[in-house]
Amino acid sequence: MGHLRSHPYLAQGLRVCDIGTGSGILAAAALHLGAVHVMATDLDAEALALARHSLARVAPSARFELRRGSLWDALLPNTCFDLVLANLPNFPAEAIVTEGRRAAWSVGGADGRRAIDPFLAGLPQRLGAGGVAIFTQNRCVGLEKTLEQLHSDGLFAEVRGSALVPIGPEKIAALSSACIEPAGIVEVAGFVFLGVDLIVARRIAHPDDPAGKVWRDHAAQTGAFG
Ligand SMILES: C[S@@+](CC[C@H](N)C(=O)[O-])C[C@H]1O[C@@H](n2cnc3c(N)ncnc32)[C@H](O)[C@@H]1O
């Protein structure tokens, strides 16, 4: 949300998709910043009802659509966007026992990548030329793996922000041993924090480069992927 607010041109006048919209906060921000149309999806019917209410407060219904379904399955084939937003569940646990918050908000399976991997697999086909994806990922579930996947799909991707988010005892207890980068978990004075990265990926627009090959060659020459 902060990144979007400081880069409003990423949404202004453009087609936006918010995958796993929850309360609709990111979709509403995109509408508020002038997105021409926002598609918001979620698995959860109640979340979608809440999101509908939030979005209706920001824009007329012609400017948004809500669809229920898992990740890209909620969308018609071949629909592309200028901006894709996602804050998907990727805490490495099979189950978390919490009061109030739903497991579907954070549980990402043993390696934490149950939603992230299919999200990444479908992303290149959903970004129009020059399209941008902004999404969060807990660092302990494999930052390098995600960046490599994006780069091999011809997207330029980098971490544009990071935060340490405190995690409570129920999550600490549920933390899977399959978590691939334990370095993403930090303990300070008895408090446990999860490193969360904001990843921005761009499909470079190039007339001769529908699959991003030119950008990959450029990156290989310049070391742009680090
Ligand atoms: C951490 S919440 C994020 C909500 C909101 N986007 C935000 O940033 O506050 C994750 C959301 O993803 C939804 N979700 C979980 N798995 C999903 C899937 N496979 N496909 C679509 N939505 C999913 C959950 O129902 C929940 O609303």
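The exercises below, each with a worked solution, concern a predicted model.

**Exercise 1.** Determine which residues come nearest to the ligand, and how the shell around the ligand divides by class.

*Solution.* Begin with the shell itself, which has 20 residues around the ligand, and pick out those that come nearest, namely Gly20, Gly22, Asp44, Ser70 and Asn87. Next, sort the shell by class, which gives 11 nonpolar, seven polar and two charged residues. Finally, look at the secondary structure: helix H2 (25–32) and strand S2 (37–42) are elements that each supply at least two residues of this shell.

**Exercise 2.** Leu71 and Ala189 each have a positive phi; locate each residue, and decide whether it is buried or exposed.

*Solution.* As background, most residues other than glycine have a negative phi. The phi of Leu71 is near 45°, and that of Ala189 is near 50°. Turning to position, Leu71 is found in the loop between strand S3 (64–68) and strand S4 (81–86), while Ala189 lies in the loop between strand S7 (185–188) and strand S8 (191–203). The last step is a count of C-beta neighbours inside 10 Å, where 20 or more make a residue buried and 12 or fewer make it exposed. Leu71 has 20 such neighbours and therefore counts as buried, whereas Ala189 has 4 and therefore counts as exposed.

**Exercise 3.** Describe the surroundings of Pro89, and state how far Pro89 is from Gly20 in sequence and in space.

*Solution.* Pro89 lies in the loop between S4 and helix H4 (116–126). Because 21 other C-beta atoms lie within 10 Å, Pro89 is buried. Leaving aside neighbours within four places in sequence, the contacts of Pro89 are Ala104, Trp105, Ser106, Val107, Gly108 and Ala115. For the separation from Gly20, the two residues are 69 residues apart in sequence, yet their C-alpha atoms are 8.7 Å apart in space. Gly20 is also one of the residues that come nearest to the ligand.

**Exercise 4.** Identify the residues with the most contacts inside the largest nonpolar core, and the element that gives the most to this core.

*Solution.* In soluble globular proteins, nonpolar side chains tend to be buried together. Here the largest nonpolar core has 51 residues, and those with the most contacts inside it are Val16, Ala27, Ala30, Leu83 and Val84. H2 gives the most to this core, with six residues. To follow one of these residues outward, take Ala27, which, leaving aside its neighbours within four places in sequence, is in contact with Asp18, Thr21, Val38, Ala40, Ala51, Leu55 and Phe64. H2 thus appears twice in these exercises, since this helix also supplies at least two residues of the shell around the ligand.

Note on methods
Residues numbered from 1 in each chain as written. Predicted model: local features only at pLDDT ≥ 70, side-chain atom pairs only at ≥ 80, totals over all residues. Near = placed C-beta within 6 Å. Helix = DSSP H or I, 4+ residues; strand = E, 2+ residues; numbered from the N terminus. Nonpolar A, V, L, I, M, F, W, Y, C, P; charged D, E, K, R; others polar. Contact = placed C-beta atoms within 7 Å. Core = buried A, V, L, I, M, F, W, Y, C linked by C-beta atoms within 7 Å.
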